[in-house]
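Please look over the sequence and the model below before reading on. The report that follows takes up a single residue, then the chain as a whole, and then the ligand.

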Amino acid sequence: MWDFMITYPLKPSKMTEIEKLDRIAINVRSHKLLRQLLSENPELEAILRNSKNETEVVVGVREWIERSLKDREDAFRFYHARHASRDLFEKLEWRDYAIIRILDYIDHAGKEYPDLNLRGEIAVSNPLRLIWLAVNKGTGGAKPDFFIDMIMLFRQLRGESQQPSVSSEQVGAWMDRYPSGLDPRIIQLREENKQRIIRILMKQIEKREAKNSRYYFEPQLSKAEKLEKLERWWEDYRFHLQFAVRSPALLNEMLNYSLDPDTMKVLEEAEEAGIPFFVNPYYLSLLHVRVPYIAVGADLAIRYYVLYSKQLVNEFGNIVAWEKEDQVKPGLPNAAGWLLPDGHNLHRRYPEVAILIPDTMGRACGGLCSSCQRMYDFQGGRLNFNLDKLLPGENWSDKLKRLMSYFEEDAQLRDILITGGDGLMSSDKSLMHLLDEIYEMAKRKKKKNEKLPDGEKLSEIVRVRIGTRLPAYLPQRITLNLVKILKEFKDKATVIGIRQFIIQTHFESPLEITPLTTMAIQRLIASGWTITNQLVFTAAASRRGHTAKLRQVLNDIGVLPYYTFTVKGYMENNSGFAPNARVVQEQLEEKVFGHIDEKYYEDIRKFPEESTMMVENIEALRRFAGLPFLATDRNVLNLPGVGKSLTFRVIGITRYGRRILEFDHDETRNHSPIIQEMGKVIIIESKSIHEYLQQLEEMGELREDYDGLYGYSLGQTEHRIPVYEYPDYDFKVTETLSNLEL
Ligand code: SF4
């Protein structure tokens with residue numbers, strides 16, 4: 001059956017890279033999978049056998065699909081649409097996904113893309129050619145993961161595989177596997193962890209001298225008195241920052257030496273490579289040191305946020321920046337065309353909003369999430385955890401005024417996102433100063449507008465946001481004094497027309513919701529700010545039911561989910577990466593049970609204006625609408641171009657079985673006009689679907705729970721829920737875009 005042509009080798013030096021790849025023999029497992037592919041698809045085999053070269057294969061497969069599946073109108077409409085709509089996406093049936101994917105594979109056959117997962121190596125997508133080479137020459141080098149993906153694709157095309165239908169009961173059962181940190185049994189485990197950690201800290205503090213720190217023991221204190229002090233200090237966020245763990249050895253000690261030697265080896269290599277460690281004692285107390293039967297594997301999403309992967313260690317030093325629009329040269333526009341003040345304090349992607357990063361402690365965070373894009377800056381030495389050096393410098397006050405002028409004079413900016421790092425790492429004094437300056441600027445902008453005619457008026461500031469992960473990392477930071485500052489700002493800023501006050505948190509796991517977190521959120525809600533959450537859909541967070549449960553627990557304490565982000569980055573984040581296919585699957589099979597009907601849109605639109613009633617309002621809406629949770633979040637990827645989107649199609653696949661995705665921009669929101677010139681964005685995923693499923697199995701998941709995953713090869717960005725829309729002005733804003741250079 002297998003007749004291979006005899007080929008005489010060229011000298012390797014004369015061959016192109018692609019010619020070299022063509023000659024790589026496929027392995028035994030690939031042969032077996034190829035045989036399976038052909039035996040399941042006699043039409044495909046006939047085309048391959050009757051074609052003299054790969055061009056004839058491509059033509060043959062296209063003709064076959066267009067002839068035999070021509071009645072599938074939605075598939076062809078979607079395939080031909082330059083910008084398809086969400087409505088059309090929702091009409092697609094399972095086979096349609098396969099038709100579109102194969103036609104896209106054919107259209108992009110032979111295209112070359114730099115694969116930044118492999119330090120810029122060129123990836124060529126030509127799956128039908130790889131199969132043809134494998135059949136006719138036993139070469140092409142395609143790996144088993146490639147053939148598995150192709151087998152699944154043709155099963156979907158034949159109508160043999162079905163889109164999984166998942167019941168709400170099934171989703172509920174998956175969610176039940178993930179207890180929250182409010183479960184009394186989990187609270188008990190955390191108390192044990194805390195007691196172990198504070199005893200280790202006690203020894204450290206016993207060695208300190210009084211003059212070095214506010215945290216010291218007077219000489220005559222008994223052990224009980226020391227423990228009492230430590231209990232009090234545990235409530236003080238500064239204590240946790242000061243005693244954050246900065247080495248793998250101490251990390252392991254704090255975790256009762258529970259880390260296995262392989263993990264420790266990676267962590268020690270991470271330390272040698274210069275990757276910082278910064279895990280505060282409170283957050284460390286959330287990690288289990290033995291697997292509790294009530295929560296097997298439940299803490300993995302937070303565990304892998306603290307423990308670095310081998311891939312990160314290998315890539316550290318070679319990490320490529322993902323966010324192109326954040327790389328700014330003085331006097332030149334950023335990738336989105338925006339001109340920004342010097343100093344790297346402002347980032348801007350969209351007309352309406354800019355990110356403000358203060359020159360304060362706010363540049364730091366209460367921890368270092370392993371998949372954080374800022375690893376790039378730690379790698380280059382631009383960031384570190386020398387917190388003392390992050391106190392605002394003398395000229396920060398003047399610089400802040402200059403930054404405020406930018407907002408004041410800009411035609412479209414109406415939204416300030418204070419972040420960093422972490423917006424709440426700034427001291428109360430720094431934060432108050434910052435909010436005061438924002439208030440004064442917003443007031444001046446409003447006053448200036450009074451003199452401008454309708455149609456020439458500038459956008460006034462209507463939304464202020466603070467991005468922070470401290471409610472998860474260190475809820476003790478939400479002190480009564482902080483809450484007072486936030487409330488006072490809200491009260492006075494409301495008078496001058498600012499209407500939305502949002503704390504944007506980052507919870508990854510239901511286990512991060514602890515009694516201290518709940519108290520922190522209650523305080524923030526009482527201050528009148530709306531709390532929203534963004535999470536990163538890491539491999540551990542992508543397990544069935546995990547994110548659905550997080551949404552539910554967040555809702556219970558009055559938090560609205562905002563964005564669910566695909567892990568960005570390249571090979572350094574390979575371990576944490578969950579393919580976009582899983583993102584779409586989660587959206588259509590689990591999140592769908594939290595879908596809010598449009599008839600409730602008016603109710604939810606009012607939520608931020610009644611922010612102190614958030615718990616009650618969410619609860620009432622869930623009850624009336626019969627929803628286990630409110631899926632107010634949109635699944636998106638932060639594109640390495642401009643903005644966020646989940647509008648994509650799989651247009652290629654590498655011989656390793658890693659998918660090549662073509663992303664389009666989110667059409668549901670305003671962009672810089674540069675978007676028209678930018679075209680689509682190509683992403684090569686760092687992990688094949690097969691590798692991802694293996695990883696899930698290692699986390700204890702059942703492969704069959706993810707049936708159908710291979711089939712999700714396209715996505716369409718969801719519509720924004722009205723709770724996240726800007727309020728309307730009662731005047732007409734100018735259409736001018738200022739600070740823009742295209
Ligand atoms: S909180 Fe955000 S910015 Fe800070 S380390 Fe984590 S992901 Fe990065």
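## A buried serine

In this predicted model, Ser 672 has a relative accessible area of 1%, and because buried means under 20%, Ser 672 counts as buried. Ser 672 sits in the loop that runs between the strand β13 (659–664) and the helix α29 (675–678).

Leaving aside residues up to four places away in sequence, Ser 672 is in contact with Ala 336, Trp 338, Arg 349 and Pro 351, and also with Leu 740 and Leu 742.

## The chain as a whole

The chain's secondary structure consists of 30 helices and 15 strands. Its radius of gyration is 27 Å, close to the 27 Å that the globule rule gives for 742 residues, so the chain is as compact as a globular protein of that length. Measured out along its principal axes, the C-alpha trace spans about 85 × 70 × 55 Å.

Of the 742 residues in the chain, 61% are buried, and among contacts with a separation of 6 or more, 78% join residues that are 24 or more positions apart. The accessible surface of the chain amounts to about 30,400 Å², and carbon and sulfur atoms account for 51% of that surface.

## Around the ligand

Which residues surround the ligand? The ligand is surrounded by Cys 365, Gly 367, Leu 368, Cys 369 and Cys 372, together with Arg 374, Arg 469 and His 506. Sorted by character, the residues of this shell comprise 4 nonpolar, 2 polar and 2 charged.

Terms used: Residues are numbered from 1 along each chain as its sequence is written. This is a predicted model: local features need pLDDT of at least 70, side-chain atom pairs count only at pLDDT 80 or more; totals for chains, interfaces and linings use all residues. Side-chain values use heavy atoms; hydrogens and water are left out. A residue is near a molecule or strand if one of its heavy atoms lies within 4 Å of it. Ala, Val, Leu, Ile, Met, Phe, Trp, Tyr, Cys and Pro count as nonpolar, Asp, Glu, Lys and Arg as charged, and the others, Gly among them, as polar. Helices (H or I, at least four residues) and strands (E, at least two) are DSSP runs, numbered from the N terminus. The radius of gyration is taken over C-alpha atoms; the globule rule is 2.2 Å times the number of residues to the power 0.38. Buried means under 20% relative accessible area, exposed over 50%, partly exposed in between (1.4 Å probe, protein chains only). Contact means heavy atoms within 4.5 Å. Accessible areas come from the Shrake-Rupley method with a 1.4 Å probe; for residues, only the protein chains shown count as cover.
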